Amino acid sequence: MINQKRKKNNFLYYLILILFTNIAFLNANEIKCKKFDIKCKTNKFIEETKQYQKKGLEESKDQLNKTKKDLTNTKEKILKSLPKKNDN
């Protein structure tokens, strides 16, 4: 009986250890700066700005392409709706 309890306890310890190591790896991508670490905060701000600008650039390209398509469709509709001129 004592051996079974020890095995269960060891298993529980390993399980907890694995759980905590996985949590540490998940949080590894986040940059954490100390309170008065200006260099770290500046680098973090620059990286966030770059990511935001890349995202904004991609969205603006998509919006421009959509607007171009909408304009061409509208132009075609207007041309179709206009009466044709007779040159007689």
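Phe20, written F20 here, lies in helix α1, which covers residues 2-26, and it makes a convenient place to enter this structure, which is a predicted model. F20 has a relative accessibility of 54%, and because exposed means over 50%, F20 counts as exposed. F20 also belongs to a nonpolar patch on the surface, in which it is joined by F11, L12, L15 and I16, and together these residues offer about 520 Å² of accessible area.

From this patch we can step back to the whole chain, which has 2 helices and 0 strands. Of its 88 residues, 1% count as buried, where buried means under 20% relative accessible area. The accessible surface of the chain comes to about 9,600 Å², and 59% of that surface belongs to carbon and sulfur atoms.

The other helix to visit is helix α2, which covers residues 38-81 and holds both K50 and E47. What do the side chains of K50 and E47 meet in? They meet in a salt bridge, with a distance of 3.9 Å from N to O, and this distance fits the rule that the nitrogen must be within 4 Å of a carboxyl oxygen. By that rule, the count for the structure comes to 1 salt bridge. Along the helix, K50 and E47 are 3 residues apart, which is about one turn.

How exposed are the two partners of this salt bridge? K50 has a relative accessible area of 42%, so K50 is partly exposed, and E47, with a relative accessible area of 38%, is likewise partly exposed. Both labels follow because partly exposed describes the range between the buried limit of 20% and the exposed limit of 50%.

Note on methods
Residues are numbered from 1 along each chain as its sequence is written. This is a predicted model: local features need pLDDT of at least 70, side-chain atom pairs count only at pLDDT 80 or more; totals for chains, interfaces and linings use all residues. Side-chain values use heavy atoms; hydrogens and water are left out. Patches are made of residues with over 30% relative accessible area and no salt bridge: like charges are joined within 9 Å, nonpolar side chains (Val, Leu, Ile, Met, Phe, Trp, Tyr) within 5 Å. Accessible areas come from the Shrake-Rupley method with a 1.4 Å probe; for residues, only the protein chains shown count as cover. Helices (H or I, at least four residues) and strands (E, at least two) are DSSP runs, numbered from the N terminus. Buried means under 20% relative accessible area, exposed over 50%, partly exposed in between (1.4 Å probe, protein chains only).
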